[in-house]
Structure formats: C-alpha cells, structure tokens
Amino acid sequence: MPRKLAAGNWKMNGCSPDLTEARRLREACPDPSVGVLICPPATLLSRLSDLLQDSPIATGGQDCHANGNGAHTGDIAAGMLADAGAAFVILGHSERRTDHAESNDTVRAKAEAAIAARLTTIICVGETKAEREAGDTLKVIAAQLAGSLPDGVTAENTVIAYEPVWAIGTGLVPTIDEIDETHEFIRTHLDARFESDTGEEISLLYGGSVKGSNAAEIFAVEHVNGALVGGASLKCDDFLPIIRALEAS
Ligand code: PEP
C-alpha cells in the first residue's frame with residue numbers, strides 16, 4: 001500500500017519565530033498514523049530538523065542542485081539538505097518550473113542527485129489553466145512524468161504530487177472527478193513504466209488549495225495518498241485538521 005503523507009511546503013515564508021508553529025504541531029500530533037513532513041525555507045532547515053528530532057515529523061528541502069558541490073552560488077546540493085537533517089526534497093514545483101525555467105530534464109537530473117543522496121523526492125507535475133482549457137491536461141502530465149522521473153524511481157525514493165498550477169494558492173480546486181481522473185492516469189502511467197509493484201506503491205499526493213474543509217473529500221479519492229500543502233501548512237491550527245483528515249481516510 002502507498003504510504004499516506006501530509007507534506008507542508010512553507011515556500012519563502014518563515015523566520016525564527018515561526019518555528020513555534022512546528023513546535024506546536026509536534027506537541028499536538030506526537031504520534032501521527034500517517035507521514036507528516038514540513039519543508040521550510042533552507043534558512044530554517046537545520047534548526048527545524050533539530051527541533052523535530054526524535055519526533056515522527058520529517059523535514060525536507062524545497063529544491064536541490066543536480067551537482068554534488070561546486071561553483072553554484074546560491075544553490076544547495078542534495079547532500080547538504082541531508083546533512084541539515086532533511087529526509088525529503090520537493091522537485092519541479094510549478095513555481096520552480098516558472099520562476100527558474102526548470103525543464104523536465106533539469107528536474108530529472110536533480111531527482112537523480114537527490115536519490116543518490118538518499119533523499120525521498122516529491123516530484124511535482126500539473127497543468128496550467130490554459131492547458132486544461134485546451135484539453136491537454138493528461139498530455140502535459142504524461143510528458144512531465146516521462147521527462148522528470150529517472151529510471152531509478154522506487155516507492156521508497158519517490159512520491160508524485162499532482163498540482164494543477166491554477167489551483168496553487170488560488171482557493172480554486174478541481175472537481176472530485178477531475179482529481180480522480182488525473183490520479184488514475186498517473187497511477188496507470190507509473191504502472192506501465194516501472195517494474196513489479198513500484199507503480200502501484202508510489203504515493204500520489206494532490207496539491208492545490210487543500211484545507212481542513214476540503215481535505216476529507218479529496219482523500220476519499222481512490223489514488224490520492226495524501227496532500228502537498230502550501231498556505232495551510234504554515235500554521236499548526238490549519239495543518240492539523242488536514243493531517244487528521246488523512247488519518248481518518
Ligand atoms: C503548493 O505550494 O504546493 C501548494 C499546493 O500551495 P497551496 O496549498 O497554498 O495551494
């Protein structure tokens with residue numbers, strides 16, 4: 001069975017005082033029955049990992065470089081994230097694909113580096129509003145999966161997040177039928193590409209305006225194994241109901 005995961009992406013939000021939210025989450029949720037992850041800005045990763053040490057809540061990076069070290073000012077290698085306590089890294093988020101012109105090839109090279117550093121990658125795919133309106137959603141997702149996933153993918157080292165770009169941070173959410181269609185499509189694609197049970201066992205997350213109020217119906221969709229959560233992961237009071245909904249699913 002795929003592992004259930006509630007993953008928080010703090011994006012470029014959070015300074016020292018915001019560690020309190022993670023401390024509150026740790027206290028409110030000492031023994032979750034699902035995976036819980038917080039990906040803070042890189043500046044907080046080491047301190048957050050220390051704070052959550054000996055707790056079931058994992059930490060992750062929001063990006064990594066494809067190289068292990070070298071002259072890449074401002075970048076962070078996968079091994080450095082692991083050294084700072086990370087167990088996961090988000091790759092190919094639409095904000096990286098847009099703001100930093102990351103191609104599928106770039107995402108795949110980063111995924112190879114992350115897997116080599118023993119991180120679990122969360123690889124993001126999803127269509128823009130124009131692509132959905134043109135009827136190209138599944139074609140776009142297929143191309144992103146084909147290009148972004150390295151051959152070495154296993155259910156242990158990779159999670160896929162389906163995030164329609166138009167739903168991220170907008171309050172808009174696809175219909176349950178649309179979420180069902182895309183997740184089933186992704187599962188079928190993974191089944192066809194990867195050997196044995198890998199395609200069946202990879203966790204699939206939905207991302208895009210998930211909140212406590214809509215989490216339960218999203219988690220009831222057959223191939224949805226959790227969520228990648230932006231805004232609602234910043235505060236313990238907002239993230240906790242999503243974790244509870246996943247536990248109940
Ligand atoms: C995200 O950043 O991946 C995301 C889904 O954001 P939000 O939950 O705020 O839509």
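This is a conversation about salt bridges, a charged patch and a helix in one predicted model.

Visitor: What kind of model is this, and how are residues numbered?
Guide: This is a predicted model, in which local features need pLDDT of at least 70 and side-chain atom pairs count only at pLDDT 80 or more, while totals for chains, interfaces and linings use all residues. Residues are numbered from 1 along each chain as its sequence is written, and side-chain values use heavy atoms, with hydrogens and water left out.

Visitor: How many salt bridges are there?
Guide: The whole structure holds 15 salt bridges. A salt bridge here is a side-chain nitrogen of Lys or Arg within 4 Å of a carboxyl oxygen of Asp or Glu.

Visitor: Which residue does E95 meet?
Guide: E95 pairs with K11 at 2.8 Å, N to O. E95 lies in helix α4 and K11 in the loop between β1 and α1, so the bridge ties together parts that are 84 residues apart in sequence. Helices (H or I, at least four residues) and strands (E, at least two) are DSSP runs, numbered from the N terminus.

Visitor: Is K11 buried or exposed?
Guide: K11 is buried, at 19% relative accessibility. Buried means under 20% relative accessible area, exposed over 50%, and partly exposed in between (1.4 Å probe, protein chains only). E95, at 30%, is partly exposed.

Visitor: Which residues form a network of salt bridges?
Guide: The network links E21, R24, K235 and D237. Within it, the side chains of K235 and E21 meet at 4.0 Å, N to O. K235 is in the loop between β8 and α11 and E21 is in helix α1, so this pair ties together parts 214 residues apart in sequence.

Visitor: Where do E133 and K129 lie?
Guide: Both lie in helix α6, 4 residues apart, or about one turn of the helix. Their salt bridge is 2.7 Å, N to O.

Visitor: Changing topic, which element gives the most to the negative patch?
Guide: Helix α8 does, with 4 residues. The patch includes E156, D177 and E200. Patch residues have over 30% relative accessible area and no salt bridge, with like charges joined within 9 Å and nonpolar side chains (Val, Leu, Ile, Met, Phe, Trp, Tyr) within 5 Å. E200 sits in helix α9 and is partly exposed, at 38%.

Visitor: And which residues of α2 are buried?
Guide: They are L44, L45, L48, S49 and L51. Viewed down the axis of α2, they fall within an arc of 150°, so they line one face of the helix. That arc is taken from the directions from the helix axis to the C-beta atoms. The face turned away carries the exposed residues T43 and D50.

Methods: Areas by Shrake-Rupley, 256 points an atom, 1.4 Å probe, with all protein chains shown as cover. Lys, Arg positive; Asp, Glu negative; His and termini not counted. Charge placed at Lys NZ, Arg CZ, Asp CG, Glu CD.
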